[in-house]
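Biologist: Before I rely on any label attached to this protein, I should like to hear the criterion behind it. Would you set each value against its definition?

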Amino acid sequence: ENGLATLDPTNDRIAKIRALPPVWQEKILIVDDQPSIVELLRAILSREGRVHTAMNGAEGLKKISEHYFAVIISDIDMPIMNGWRFYRRLQKQFSGIGRRFIFITGNRASSEVLRIKQHELNLLYKPFSLADLRRVVYGLMECNARGGCMTGAL
């Protein structure tokens, strides 16, 4: 893409190449029960990968049974299945899933936050900066490509 940006935009061959879909695009799953948060995160991250969404952990489990996701962003406090239970269910199936997880929450005092910190998983407190979100997402994508990740609370 960067190379194409330097080429003549009026050239028909270059225009045809630019119109091709990306060869590879990572998938990102956003699990949150607040539609405004989902849409904001989708808008921010849509350039980084193909964004899928779920309204709770149960829907998230279904999505994960259908696709591989490089990054999973999950709210903690949700109805039906909260973020912690969602993570624990996935962890039983995929032991390294924590390397792809980012938890988000506005509730710093919940017992789930303590568990997430004890397990040294990625955690962003609402309101978080877009720079922090991008940094953690890029970091997960990069370290998953290399095979080793560091996690932790911000």
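Modeller: The following exchange takes up the labels one at a time.

Modeller: This is a predicted model, in which local features need pLDDT of at least 70 and side-chain atom pairs count only at pLDDT 80 or more, while totals for chains, interfaces and linings use all residues. Residues are numbered from 1 along each chain as its sequence is written, and side-chain values use heavy atoms, with hydrogens and water left out.

Biologist: How many helices and strands are there in the chain, and how are they defined?

Modeller: The chain has 7 helices and 5 strands. Both are DSSP runs numbered from the N terminus: helices are H or I with at least four residues, and strands are E with at least two. Starting at the N terminus, the order is α-α-β-α-β-α-β-α-β-α-β-α.

Biologist: What makes the contact between Asp32 and Lys126 a salt bridge?

Modeller: The term requires a side-chain nitrogen of Lys or Arg within 4 Å of a carboxyl oxygen of Asp or Glu. For Asp32 and Lys126 the N to O distance is 3.6 Å, so the pair meets that definition. Asp32 lies in the loop between β1 (27–31) and α3 (35–45), and Lys126 in the loop between β5 (122–125) and α7 (130–146), so the bridge ties together parts that are 94 residues apart in sequence. In general, side chains of opposite charge can pair when their charged atoms come close.

Biologist: Why is Asp32 called buried, and Lys126 partly exposed?

Modeller: Buried means under 20% relative accessible area, exposed means over 50%, and partly exposed is in between, with a 1.4 Å probe and protein chains only. Asp32 has 0% and is therefore buried, whereas Lys126 has 21% and is therefore partly exposed. By this criterion, 40% of the 154 residues of the chain count as buried.

Biologist: Which residue in strand β3 also pairs with Lys126?

Modeller: Asp75 forms a salt bridge with Lys126, their closest N and O atoms being 3.5 Å apart. Asp75 lies in strand β3 (residues 71–75) and Lys126 in the loop between β5 and α7, so this pair ties together parts that are 51 residues apart in sequence. Asp75 counts as buried because its relative accessibility is 4%.

Biologist: How do you know that Arg135 and Asp132 are paired, and where do they lie?

Modeller: Their side chains meet in a salt bridge at 3.4 Å, N to O. Both residues belong to helix α7, 3 residues apart, which is about one turn of the helix. Arg135 has a relative accessible area of 45%, so it is partly exposed; Asp132 has 27%, so it too is partly exposed.

Biologist: What joins Asp32, Asp75 and Lys126 into one network, and how many salt bridges does the whole structure have?

Modeller: Asp32, Asp75 and Lys126 are joined by salt bridges that share partners. A search of the whole structure finds 6 salt bridges.

Biologist: What is notable about the peptide bond from Lys126 to Pro127?

Modeller: That bond is cis, with omega near -5°. Pro127 is found in the loop between β5 and α7.

Biologist: What makes a set of residues a nonpolar core?

Modeller: The members must be buried Ala, Val, Leu, Ile, Met, Phe, Trp, Tyr and Cys residues joined through side-chain atoms within 4.5 Å. The largest such core has 22 residues, among which Ile72, Phe86, Phe101 and Phe103 touch the most other members. Elements giving two or more residues to this core are β1, α4 (57–66), α5, β4 (101–105), α6 (111–118) and β5. Its largest share, 4 residues, comes from α5.

Biologist: Why is Ile80 called exposed, and what is unusual about its phi?

Modeller: Ile80 has a relative accessible area of 65%, so it counts as exposed. Its phi is positive, about 70°, although Ile80 is not a glycine. Ile80 lies in the loop between β3 and α5.

Biologist: Where is Glu120, and is it buried or exposed?

Modeller: Glu120 is in the loop between α6 and β5. Its relative accessible area is 56%, so Glu120 is exposed. Glu120 also has a positive phi, about 55°, although it is not a glycine.
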